[in-house]
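Student: I'd like to go through this one with you and ask how each label is earned. Can we start with a pair of helices that meet?

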Amino acid sequence: MTILCVEGAVAGYNREEQILKGASIHVAAGEIVSIIGPNGAGKSTLLKAVAGLLTLGAGRILFEGQAIEGTDALGRAKAGIAFVPQERNVFGTMTVAENLSISAFLDPSRAAERSAALYARYPMLAGKKGALARTLSGGQRQILAMAMGLMTAPKLLLLDEPTAGLAPGAAADLMDAILALNAGGLPILMVEQHALEALEISHRGYVLVAGRDIATGEGRALAADPDIRRLFLGG
Amino acid sequence: MNAFIQALANGVMTGALLAVPAIGFSAIFAVLRYPSFAIAGWVTLGAFAGWIANTKLGLPSYALLPVAFLAAGLIGGVVEDRSLRLLRPAGALTVAIGSIGLNIIIENVIRFLAGNDLRGFNLPLLPDWRFAGIRIGPQQAENLVMAASIMVAVFLFLKFSRFGRGMRAVADNPDLARLKGIDPKRISFVALFLGCGLAGIGGVLIGLDTSIDPLTGYRVLLSVFAAAVLGGLGSIPGAVAGALALGIAEELALLVAPPTYRTGVGFVAILLMLTFRPRGLLGERAF
């Protein structure tokens with residue numbers, strides 16, 4: 001069953017310059033799907049368009065079979081799409097506990113129960129409940145950002161470069177955390193600069209170049225494709 | 001020495017009165033990112049609402065605070081939201097200029113309805129308390145307690161309530177707040193309601209301390225603005241710290257300069273702060 005279907009998406013930050021020039025992707029239930037490609041290909045733009053932070057110039061976005069391109073970010077959050085941005089993805093002046101509870105703003109009655117489940121899943125967060133989010137390390141902040149995305153019990157998680165700026169150990173831990181989340185059935189669409197590692201854990205991948213999807217396939221197959229390795233995975 | 005301690009005590013009380021509207025000013029700035037000079041009008045509106053409740057309905061001083069809060073909060077929230085909303089896309093400077101115009105309108109509507117006379121609240125006349133050569137009026141002490149209680153209430157609201165936390169989230173990172181399903185329009189209205197309501201309470205506290213007229217808010221506008229800049233624009237604890245520092249500085253200035261120079265303290269404070277520490281005493285921290 002297809003959860004998300006993007007067809008011929010055209011979008012950008014202003015009318016004159018469209019970054020996405022007709023990208024099409026889909027995510028099926030239970031899948032991890034990675035989008036790889038060179039800088040400026042429109043990978044993050046595609047995620048933002050799905051999250052409702054950018055309006056489409058053309059194309060369609062279907063979520064669980066319903067067209068959602070007309071709804072804003074708030075509507076898509078309510079529909080069950082959680083987007084974890086690459087930067088500024090936590091409220092730095094609030095504590096870890098407050099960051100989690102505010103993330104359940106749409107459904108405060110379940111906040112305590114969901115925070116408890118997330119503290120059990122990520123014990124590091126439980127130990128830092130009272131700490132201001134801006135005092136966390138990069139890896140801890142990414143875990144918090146992901147946990148915040150989970151507070152709404154989303155049906156689809158969008159991750160924008162989750163391991164950007166992390167030390168290799170922390171990046172590997174985060175990839176494990178993403179796999180563990182998906183093992184519970186949560187579909188994940190992510191953009192990742194560590195393309196090889198991302199494809200290794202993905203069911204499928206898309207190669208995005210100049211705003212268009214030019215190749216797709218199973219994650220490991222894409223990672224093993226000699227042309228793709230040479231052009232996009234550094235040999 | 002006594003004169004110094006007396007000035008210090010007066011400064012704390014003046015500062016506490018300034019702190020309440022300064023928190024309101026900062027709350028609006030933190031969420032909507034523009035300095036609302038219309039806050040002066042809401043101070044005056046709250047003062048008059050409290051005055052009517054006191055002199056016509058006979059309510060005691062503490063009961064005037066919710067009256068002023070609701071009157072200024074509701075009228076201020078709706079009017080400021082509706083009238084300045086269209087200007088917001090044009091940027092903070094445009095909205096700030098719009099708020100100066102709005103202030104002139106509020107001031108003149110009040111002048112039209114209530115006249116230009118000075119009005120005093122109907123309060124029991126009580127002798128000052130004296131100890132160790134220091135004089136404190138019982139009403140001043142009550143005002144200090146009321147101002148402190150309001151600050152504690154605001155703190156609790158921002159720390160524990162759903163909308164208080166929503167306000168802090170929008171102040172911290174509006175884009176992320178939107179992703180978390182926090183409706184910026186609703187939070188903007190909550191911030192305006194709280195900010196204008198606190199300005200109204202400030203108006204009553206100032207009125208209880210002195211008297212009121214249509215220029216009551218305008219007279220303290222510079223001090224409120226200076227307190228918020230001093231503490232770091234948009235910072236709630238900063239507004240309290242800034243107001244206390246400014247109140248004390250204004251009273252201490254009276255020891256060495258004639259009272260006409262008192263307002264100059266605000267200008268000097270803004271000048272020094274923007275020159276040497278533009279982010280204010282506490283800066284960045286919205287809460």
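Tutor: Sure. In H1(B), the residues B:Met13, B:Ala16, B:Leu17, B:Ala19, B:Val20 and B:Ile23 meet B:Gln140, B:Asn143, B:Leu144, B:Ala147, B:Ala148, B:Ile150, B:Met151 and B:Val154 in H5(B). Keep in mind that this is a predicted model.

Student: What is the make-up of the contact of H1(B) with H5(B), by class?

Tutor: It divides into 12 nonpolar residues, two polar and no charged. Gln and Asn are outside the nonpolar and charged sets, so they count as polar, and B:Gln140 and B:Asn143 are both among the H5(B) residues in the contact.

Student: How do the axes of H1(B) and H5(B) cross, and what is the hand of the crossing?

Tutor: The two axes come within 9 Å and cross at roughly 35°. The crossing is left-handed. That label applies because the near helix is turned anticlockwise from the far one by less than a right angle.

Student: And which hand does the crossing of H1(B) and H9(B) have?

Tutor: That crossing is right-handed, with axes that come within 9 Å and cross at roughly 65°. On the H1(B) side the contact is made by B:Leu18, B:Pro21, B:Ala22, B:Phe25, B:Ser26 and B:Phe29, and on the H9(B) side by B:Val220, B:Ser223, B:Val224, B:Phe225, B:Ala227 and B:Ala228. By class there are 10 nonpolar, two polar and no charged residues.

Student: B:Pro21 lies in helix H1 of chain B. What makes B:Pro21 buried?

Tutor: B:Pro21 has 35 other C-beta atoms within 10 Å. The label takes 20 or more, so B:Pro21 is buried.

Student: What is B:Pro21 in contact with, leaving aside neighbours within four places in sequence?

Tutor: B:Pro21 is in contact with B:Ile39, B:Val43, B:Leu198, B:Ala199, B:Gly202, B:Val220 and B:Val224.

Student: Let's try some other labels. Why is B:Ile105 called partly exposed?

Tutor: B:Ile105, which is found in helix H4 of chain B, has 13 C-beta neighbours inside 10 Å. Exposed means 12 or fewer and buried means 20 or more, so B:Ile105 counts as partly exposed. In space B:Ile105 is 8.4 Å from B:Gly41, C-alpha to C-alpha, though the two are 64 residues apart in sequence.

Student: Which residues of H4(B) are buried, then?

Tutor: They are B:Val95, B:Gly98, B:Ser99, B:Leu102, B:Asn103, B:Ile106, B:Glu107 and B:Ile110. These buried residues pack against helix H2 (39-55), helix H3 (61-85) and helix H9 (216-231) of chain B.

Student: How does the reach of H4(B) compare with the expected span?

Tutor: H4(B) has 23 residues and reaches 32 Å from its first C-alpha to its last, close to the 33 Å expected at 1.5 Å a residue. Just after H4(B), B:Gly115 takes a positive phi of about 80°.

Student: What about H8(B): mostly covered or mostly open?

Tutor: H8(B) is mostly covered, with 21 of its 26 residues buried. It reaches 37 Å, close to the 38 Å expected.

Student: Over to chain A. Why does A:Arg88 count as exposed?

Tutor: A:Arg88 has 12 C-beta neighbours inside 10 Å. Exposed means 12 or fewer, so A:Arg88 counts as exposed. Its place is in the loop between strand S6 (81-84) and H3 of chain A, and its phi is near 45°, a positive value in a residue other than glycine.

Student: And A:Glu161, buried or exposed?

Tutor: A:Glu161 has 21 other C-beta atoms within 10 Å. With the cut-off at 20 or more, A:Glu161 is therefore buried. The phi of A:Glu161 is near 45°, a positive value in a residue other than glycine, and A:Glu161 is found in the loop between strand S7 (156-160) and helix H7 (168-183) of chain A.

Student: Which residues have the most contacts inside the largest nonpolar core?

Tutor: A:Leu158, B:Ala19 and B:Ile23, in a core of 161 residues. Helix H1 of chain B gives the largest share of this core, 15 residues.

Student: Last one: how many residues does each chain bring to the contact between chain A and chain B?

Tutor: Chain A gives 19 residues and chain B gives 17. H2(A) provides the largest share of the chain A side, four residues, and that side divides into 12 nonpolar, four polar and three charged.

Notes: Residues numbered from 1 in each chain as written. Chains lettered and ligands numbered in written order. Predicted model: local features only at pLDDT ≥ 70, side-chain atom pairs only at ≥ 80, totals over all residues. Contact = placed C-beta atoms within 7 Å. Helix = DSSP H or I, 4+ residues; strand = E, 2+ residues; numbered from the N terminus. Core = buried A, V, L, I, M, F, W, Y, C linked by C-beta atoms within 7 Å. Expected span 1.5 Å × (residues − 1). Axes fitted to C-alpha atoms, helices over the stretch in contact; angles between N-to-C directions.
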